[in-house]
Amino acid sequence: MPDAGPVAVPGTADAVVVGGGVMGASVAFHLAEAGADVVLLESGELGRGSSGKPIGGVRAQFSDPANVDLGHRSLELFEDFGRRPGADVGLRQAGYLFVLPTDDDVDLFAGSVAMQRSRGVDSRLLTMAEARRLNPYLAATAYAGAAFAPRDGWAHPAEVVAGYAGGARARGATVVTHAPVTAVEAAPDGRATVVTPRGRVTTPAVVVCAGAWSRAVGALVDVDLPVEPVRRQIAFTAPLEPAPPTLPFTIDFGTTYYLHNADARGTLLLGASEPATPVGFDTTYDPAWEPWLRGLAARATPALADAPLTGGWAGLYELTPDHDALIGEAPTGPGGARVLYACGFSGHGFLQAPAVGEAVTDLYLGRAGTPAARGVDVSAFDAGRFGARRARTEANII
């Protein structure tokens, strides 16, 4: 998303959101909608970090109730995105299909499906015959069963970032790009001054939404946010003959291999999480990973094992030690300013961003956990869980 042009950093704001990806844009929009005077700071251009991928999955199929609620509420907000804030985000609800290698996996998902349905999610277990009718590329004998939710699907992160940023601006927020935060200094009256090369802004509240860069930003506000960057890659096929039907977003639960339709006609997107990828900020696509990807495809979707690939894309996951999000408020920040955070989503940030924007606004307004709250209860995601040895367990990760 190109920079709209030079924008001055205001001298003061009710809240400063650090990070112009999908999470920061959602938080800025929801805060501005609630009447806060918001400044959104992005070190580069909007949506060029972890949110810069071409397609992002949206789903409510998780094993943890809080993640289910965030995904379910976000689906509702994605469906309403054309009205609020007002943008076409290319939402395509072809469903999410988890294919399950073992009977134990089927039993695990049976419990998750029951819990999801109790929370309003239309998920269900399928036989492999039913799953292969949804995705005919799947191997006939590699899996014991599947789980499916037809409301899930995918959308375009760049359009979501643009929609939220535009909606925030329309509600009075100031969005400043090419403004990396270099320091946060104590200021009088319970405030802090956020320093950037493009100016300084003093505020009583800083919200850290810096994705894979959140640990460094957290250090500036005296908050330990255990987030590490790890490269993830995807590849695209050439147009296939015959052209693929519309497929659900399909995931092999055993290996994280996944596929779904790409934007170009007749093409597919293929991906997987490489377990040995080192921590780092490298986002160079490496074709050397393609044989490994083909090996996963050979087991899961044999007809695609030799599909011609046209290259791909690499981006960053923002991983926490338990691969679950950090959402909450720190005890205090520089000068006594409030510090809130929403980061470390470990691959789930895009799909949870709409609901997290609501939840952070509840925290900011002091209505979280009260009948006045509009968003999901996110108290389980507090970063203090690691010091208290309360690591979370989410099974449905990629």
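The legends below describe close-up views of a predicted model.

**View 1. The eight-stranded sheet.**
An open sheet of eight strands is shown, with pairing that is mixed. Its strand order is E5-E6-E4-E14-E15-E16-E13-E17. The edges are formed by strand E5 (124-126) and strand E17 (309-319), each of which pairs on one side only. From one strand to the next, the twist averages 25 degrees.

**View 2. Strand E6 and its two partners.**
Strand E6 covers residues 145-149, and five of its five residues are buried. Burial applies to both faces of E6: Gly145, Ala147 and Ala149 lie on one side, and Ala146 and Phe148 on the other. In a regular strand, side chains alternate between the two faces of the sheet. E4 and E6 run antiparallel and are joined by five bridges. In this pairing, valine 99 stands opposite alanine 146 of E6. E5 also pairs with E6 in the antiparallel sense, over three bridges. Here leucine 125 is the residue opposite alanine 147 of E6.

**View 3. Helix H3 across the E5 end of the sheet.**
Helix H3 (residues 103-118) lies across strand E4 (96-100), E5 and strand E6 (145-149). The helix runs at about 155 degrees to E5. That angle is between H3 and E5, and E5 is an edge strand of the eight-stranded sheet.

**View 4. The pairing of E13 with E17.**
Strand E13 (residues 228-237) pairs with E17 in the antiparallel sense, over nine bridges. One of the facing pairs joins glutamine 233 to its bridge partner in E17, alanine 314. Helix H7 (residues 290-300) packs on the sheet and touches E13, strand E14 (249-252), strand E16 (268-272) and E17. The direction of H7 makes about 105 degrees with that of E16.

**View 5. The buried side of helix H7.**
Glu290, Leu293, Leu296, Ala297 and Ala300 are the buried residues of H7. They cover an arc of only 120 degrees around the axis, so they are on the same side of H7. An α-helix has 3.6 residues a turn, so residues three or four places apart point the same way. The buried residues of H7 pack against E13, E14, E16 and E17.

**View 6. The three-stranded sheet.**
A sheet of three strands is open, has antiparallel pairing and follows the order E9-E10-E11. Strand E9 (183-187) and strand E11 (199-203) are at the edges with a single partner strand each, so one side of each has no neighbour in the sheet. Neighbouring strands of this sheet are turned by 25 degrees against each other on average, direction ignored. Strand E10 (residues 191-196) pairs with E11 in the antiparallel sense over five bridges. Within that pairing, threonine 193 faces threonine 202 of E11.

**View 7. The crossing of helices H1 and H5.**
The axes of helix H1 (residues 22-33) and helix H5 (residues 157-170) come within 8 Å and cross at roughly 30 degrees. Angles under 35 degrees count as roughly parallel, and H1 and H5 are therefore roughly parallel to each other. Their crossing is left-handed. On the H1 side, the contact is made by Val22, Ala25, Ser26, Ala28, Phe29, His30 and Ala32. H5 contributes Val160, Val161, Tyr164, Ala165, Gly167 and Ala168.

**View 8. Threonine 174 in strand E8.**
Threonine 174 belongs to strand E8 (residues 174-176). Its relative accessible area is 18%, and threonine 174 is therefore buried, the limit being under 20%. Leaving aside neighbours within four places in sequence, threonine 174 is in contact with Val7, Ala8, Pro10, Val38, Val39 and Leu40.

**View 9. Asparagine 396 and its surroundings.**
Asparagine 396 is in the segment after helix H8 (349-365). With 0% relative accessibility, asparagine 396 counts as buried. Not counting residues up to four places away in sequence, asparagine 396 touches Arg59, Gln61, Phe62, Ser63, Phe98, Phe109, Gln116, Phe253 and His348.

**View 10. Glycine 49 and tyrosine 317.**
Glycine 49 is in the loop between strand E2 (38-41) and strand E3 (56-58). Its relative accessibility is 31%, so glycine 49 counts as partly exposed. Glycine 49 and tyrosine 317 are 268 residues apart in sequence, and their C-alpha atoms are 9.8 Å apart in space.

Note on methods
Residues are numbered from 1 along each chain as its sequence is written. This is a predicted model: local features need pLDDT of at least 70, side-chain atom pairs count only at pLDDT 80 or more; totals for chains, interfaces and linings use all residues. Side-chain values use heavy atoms; hydrogens and water are left out. Two strands pair if DSSP finds at least two bridges between them. Helices (H or I, at least four residues) and strands (E, at least two) are DSSP runs, numbered from the N terminus. Axes are lines fitted to C-alpha atoms, for helices over the stretch in contact, and angles run from 0 to 180 degrees between N-to-C directions. Contact means heavy atoms within 4.5 Å. Buried means under 20% relative accessible area, exposed over 50%, partly exposed in between (1.4 Å probe, protein chains only). The arc is that of the directions from the helix axis to the C-beta atoms. Angles under 35 degrees count as roughly parallel, over 145 as roughly antiparallel, 65 to 115 as roughly perpendicular and the rest as oblique. A crossing is left-handed if the near helix is turned anticlockwise from the far one by less than a right angle, and right-handed if clockwise.
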